[in-house]
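Morning, everyone. I have one structure to go through, so please have it open in front of you.

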Amino acid sequence: MFFYEFLIVIAAMILGARFGGVFFGMCGGVGLLALILIFGLAPASPPIAVMLIMMSVVLAASTLQSSGGMAFLVRIAERLLRACPKAITFIAPVIAFVFTFMAGTGNVLYSILPVIAEVSREAGIRPERPISISVIASQHAVPASPISAATVAMVALLGAHGVTVLTILCIVGPAVMLGLLVGALAVSRLGKELAEDPEYLRKVQEGLFENAAKAKAVGADGGDTKWAKLSVVFFLLAAFTVVLVGTFPELRPHVANAAGKASQVSMTHMIELIMLVVSAIMVMVCKAKPDEIIRTSVFRAGMMGVVTVFGLAWMSDTWIANNLPYIKETVAVIVQETPWLFALALFFVSALTHSQGATVAALMPLGLSLGIDPLVLVCMYPAVCGYFLIPSTGVLLAGVAFDETGTTKIGRYVINHSYVIPGLVATFFNVVFAFAIKAVFF
């Protein structure tokens with residue numbers, strides 16, 4: 001019955017991909033109920049720890065946005081892009097990486113995409129090139145961010161095996177940066193030059209760019225108050241504290257329960273507490289308004305991710321837990337001999353779920369149960385960024401929408417879109433460089 005149950009899981013993911021958004025989480029519930037009623041599987045425990053970590057990180061990032069911190073960062077990004085417009089294909093993905101690294105979510109790119117599109121057009125650079133690699137950079141920075149939901153989920157899973165936040169950052173961070181550089185090189189000559197593109201020339205003749213200078217980044221206005229700048233400082237301090245207590249466990253306090261038994265506060269709880277505390281500080285000191293926090297774009301996108309993890313990870317955990325002996329017996333040998341097959345599984349599941357955090361929660365426990373070296377799982381971690389494959393997420397569509405020249409597009413066959421080449425190149429080399437770093441330094 002293993003394969004019939006697997007078909008239910010895949011069918012739920014495909015159905016979720018059809019409508020996207022929170023529907024992924026709903027379909028996870030539908031698939032789980034089918035597994036229970038048709039096959040009699042016992043439901044596993046919902047991924048409460050991962051969901052609470054995601055909620056706390058999203059709350060902190062949303063508070064930063066409400067305080068004006070995001071707008072302050074966007075203003076800095078715009079100045080950098082306009083300072084070196086000819087190198088925008090290489091500068092833009094670095095900015096996208098840094099923003100996502102700091103915020104823990106790629107949704108901050110919405111604010112930068114209009115600037116990238118405008119500056120590249122003014123410089124005569126085909127906007128498809130910097131936009132496509134910047135969108136990919138915003139996705140691939142998530143595994144390299146110490147406060148992303150996916151990374152904290154990895155720490156929660158692998159912490160007992162000696163893998164710390166610093167371990168992940170040391171392997172994944174440099175690997176992703178190098179992989180993105182290769183991706184930028186791959187798109188630096190992509191397509192015709194802007195001055196030779198027939199679609200762009202047609203739009204110029206129609207006078208569509210006469211008022212192009214009015215295009216500004218969403219949220220770029222503002223962010224110049226001292227409260228906005230201070231909120232960025234608080235948020236960075238919180239991220240640094242997460243890395244610090246994750247790298248040095250002795251910094252986490254010891255407490256005693258009601259029975260008098262002493263124990264150390266878990267890393268999961270520390271991350272949640274740090275994010276809640278910094279959110280409270282930004283509200284009290286940086287004038288963030290609680291009512292506005294829950295209306296920010298970061299909060300909406302983050303809560304959608306929580307719902308996705310709730311349904312899909314719960315369904316996947318149930319299927320894995322009820323079939324673990326069979327999986328170990330039939331799959332362990334293959335995966336141990338050819339571990340890159342597990343990286344492919346991470347890639348394609350993330351393409352369906354559109355969530356790095358949900359993919360980590362669904363498959364990384366399986367990797368551990370199959371006996372894969374935790375450091376090997378860390379090297380494969382960048383493979384969870386495959387959701388560019390199906391161009392249905394907001395940031396991919398936003399990249400197309402903001403490029404008024406028409407060079408960034410989704411092809412007739414859907415998957416032949418502008419993000420395929422930089423996405424595949426970056427993902428492949430991210431994993432390759434991660435294994436190389438592991439071999440040399442670990």
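The buried residues of helix α6 are Leu113, Pro114, Val115, Ile116, Ala117, Glu118, Val119, Ser120 and Arg121. The helix runs over residues 113-122, and that list makes 9 of its 10 residues buried. Keep in mind that this is a predicted model. Just past the end of α6, Gly124 has a positive phi, about 75°.

What does Glu122 in α6 do with its side chain? The side chain of Glu122 meets that of Arg82 in a salt bridge, 3.3 Å from N to O. Arg82 sits in helix α4, residues 69-83, and the two partners are 40 residues apart in the chain. Glu122 counts as partly exposed because its relative accessible area is 44%. Arg82 is also partly exposed, at 32%.

In total there are 5 salt bridges. Another one joins Glu193 and Arg129, at 3.2 Å from N to O. This pair, too, links distant parts of the chain: Glu193 is in the loop between α9 and α10, Arg129 is in helix α7, and their positions lie 64 residues apart in sequence. Is Arg129 buried or exposed? Arg129 has 3% relative accessibility, so Arg129 counts as buried. Glu193 is partly exposed, at 31%. Glu193 also forms a salt bridge with Arg189, where the closest N and O atoms are 4.0 Å apart. Arg189 is exposed, with 69% relative accessibility. Separately, Arg126, Glu128 and Asp197 are joined into one network by salt bridges that share partners.

Now the overall picture. The protein has 442 residues, and 55% of them count as buried. There are 19 helices and 2 strands. Of the contacts between residues at least 6 apart in sequence, 81% join residues at least 24 apart. The exposed surface comes to about 18,800 Å², with 69% of it supplied by carbon and sulfur atoms.

On to the interior. In soluble globular proteins, nonpolar side chains tend to be buried together. Here the largest nonpolar core has 127 residues, and Leu81, Met275 and Phe342 have the most contacts inside it. Helix α9, residues 165-187, gives the most to this core, with 10 residues. Which residues does Phe342 touch, leaving aside its neighbours within four places in sequence? They are Val335, Leu363, Met364, Leu366, Gly367, Ile372, Leu377 and Met380.

There is nonpolar material on the outside as well. Ile334, Trp340, Leu341, Leu344 and Phe348 form a surface patch with about 490 Å² of accessible area together. Helix α15, residues 340-353, supplies the largest share of the patch, 4 residues. Leu341 lies in this helix, and Leu341 is partly exposed because its relative accessibility is 34%.

Next, the aromatics. The whole structure holds 9 aromatic pairs. One of them is Phe2 with Phe3, edge-to-face, at 5.1 Å between centres and 85° between planes. Phe2 is buried, at 13% relative accessible area, whereas Phe3 is exposed, at 53%. Ring pairs link both of these with Phe6 and Trp319 into a cluster.

Last, one backbone point. Most residues other than glycine have a negative phi. Lys287 is not a glycine, yet its phi is positive, about 65°. Lys287 lies in the loop between α12 and α13, and counts as exposed because its relative accessibility is 54%.

That's what I have.

Methods
Residues numbered from 1 in each chain as written. Predicted model: local features only at pLDDT ≥ 70, side-chain atom pairs only at ≥ 80, totals over all residues. Heavy atoms only, no water. Buried < 20%, exposed > 50% of the residue type's maximum accessible area, 1.4 Å probe, protein only. Patch = residues over 30% accessible without salt bridge, like charges linked within 9 Å, V, L, I, M, F, W, Y side chains within 5 Å. Areas by Shrake-Rupley, 256 points an atom, 1.4 Å probe, with all protein chains shown as cover. Phe/Tyr/Trp six-rings, centres within 6.5 Å; stacked < 30°, edge-to-face > 60°. Core = buried A, V, L, I, M, F, W, Y, C linked by side-chain atoms within 4.5 Å. Contact = heavy atoms within 4.5 Å.
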